[in-house]
Amino acid sequence: PHWLGAVSAAGEPFGGVFAITAFNPLGEERPHTENMASNAEMEAEIRRLCGSPGRTWWHGFGFSSDWHEKGFIIAAPQEEVVALAGKYRQGAIYRYYRDPEGAAPLKRQTVPVLLPDVDADVAVWPCQRP
């Protein structure tokens, strides 16, 4: 996809870009309105976090056939993104980075925040639109 190069370049100084949300803290289902309110608060903090030169962010989301969760993609230092995720009681975040072996365009690493033993790396092939 046309966006892959720009996103990868933005994340290079930070070892990748990070996917984060304020939805459903520690996996506990919450009403959509509460999740959206938490995401709005998180967005204000992301705007401040990415106010420094070289940092940026985009709206993003996670999905499957029966699930959709709004969130953000952030190009900033991992330790700062992990701290923000912890503030919103997230168990983990995702780090997307170029596959150094070239087997796939990207790798997705699960980065623990408040839950241990959630780390995993998987190959990712981006699509134009879900």
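**Charged, aromatic and nonpolar side-chain contacts**

In this predicted model, the charged end of Arg95 is placed over the ring of Tyr97, at 3.9 Å from the ring centre. A second arrangement of this kind involves Arg108, which lies over the face of Tyr94 at 4.1 Å from the centre of the ring.

Contacts between aromatic rings were examined next, and a search of the whole structure returned two aromatic pairs. In one of them, the ring centres of Trp57 and Phe72 are 5.9 Å apart and the ring planes meet at 65°, so the pair is classed as edge-to-face, the angle being over 60 degrees. Trp57 belongs to strand E2 and Phe72 to strand E3 (residues 67-75), so this pair ties together parts of the chain that are 15 residues apart in sequence. Both Trp57 and Phe72 are buried. In the other pair, Tyr94 and Tyr96 have ring centres 6.2 Å apart and planes at 70°, so that the geometry is again edge-to-face. Tyr94, whose ring also lies beneath Arg108, counts as partly exposed because its relative accessibility is 32%, and Tyr96, at 21% relative accessibility, likewise counts as partly exposed.

Side chains of opposite charge can pair when their charged atoms come close. Across the whole structure, five salt bridges were found, among them one between Glu43 and Arg47, in which the closest N and O atoms are 2.7 Å apart. Glu43 and Arg47 both lie in helix H2 (residues 32-49), with a separation of four residues, or about one turn of the helix. Glu43 counts as buried because its relative accessibility, 17%, is under 20%.

Another of the salt bridges joins the side chains of Glu45 and Lys87, with an N to O distance of 2.9 Å. Because Glu45 lies in helix H2 and Lys87 in helix H3 (residues 78-87), the pair ties together parts that are 42 residues apart in sequence. Glu45 is buried, at 18% relative accessibility, whereas Lys87 is exposed, with a relative accessible area of 55%. Arg55 and Glu80 also meet through their side chains in a salt bridge, at 2.8 Å from N to O. This pair links distant parts of the chain, 25 residues apart, with Arg55 in the loop between H2 and strand E2 (56-64) and Glu80 in helix H3. Glu80 counts as partly exposed, at 29% relative accessibility.

On the surface, Leu26, Leu114 and Leu115 form a nonpolar patch that together presents about 230 Å² of accessible area. Leu115 is located in the loop between strand E5 (106-112) and strand E6 (121-124), and counts as partly exposed at 39% relative accessibility.

Key
Residues numbered from 1 in each chain as written. Predicted model: local features only at pLDDT ≥ 70, side-chain atom pairs only at ≥ 80, totals over all residues. Heavy atoms only, no water. Patch = residues over 30% accessible without salt bridge, like charges linked within 9 Å, V, L, I, M, F, W, Y side chains within 5 Å. Areas by Shrake-Rupley, 256 points an atom, 1.4 Å probe, with all protein chains shown as cover. Salt bridge = Lys/Arg side-chain N within 4 Å of Asp/Glu carboxyl O. Helix = DSSP H or I, 4+ residues; strand = E, 2+ residues; numbered from the N terminus. Buried < 20%, exposed > 50% of the residue type's maximum accessible area, 1.4 Å probe, protein only. Phe/Tyr/Trp six-rings, centres within 6.5 Å; stacked < 30°, edge-to-face > 60°. Lys NZ or Arg CZ within 6 Å of the ring centre and 35° of its normal.
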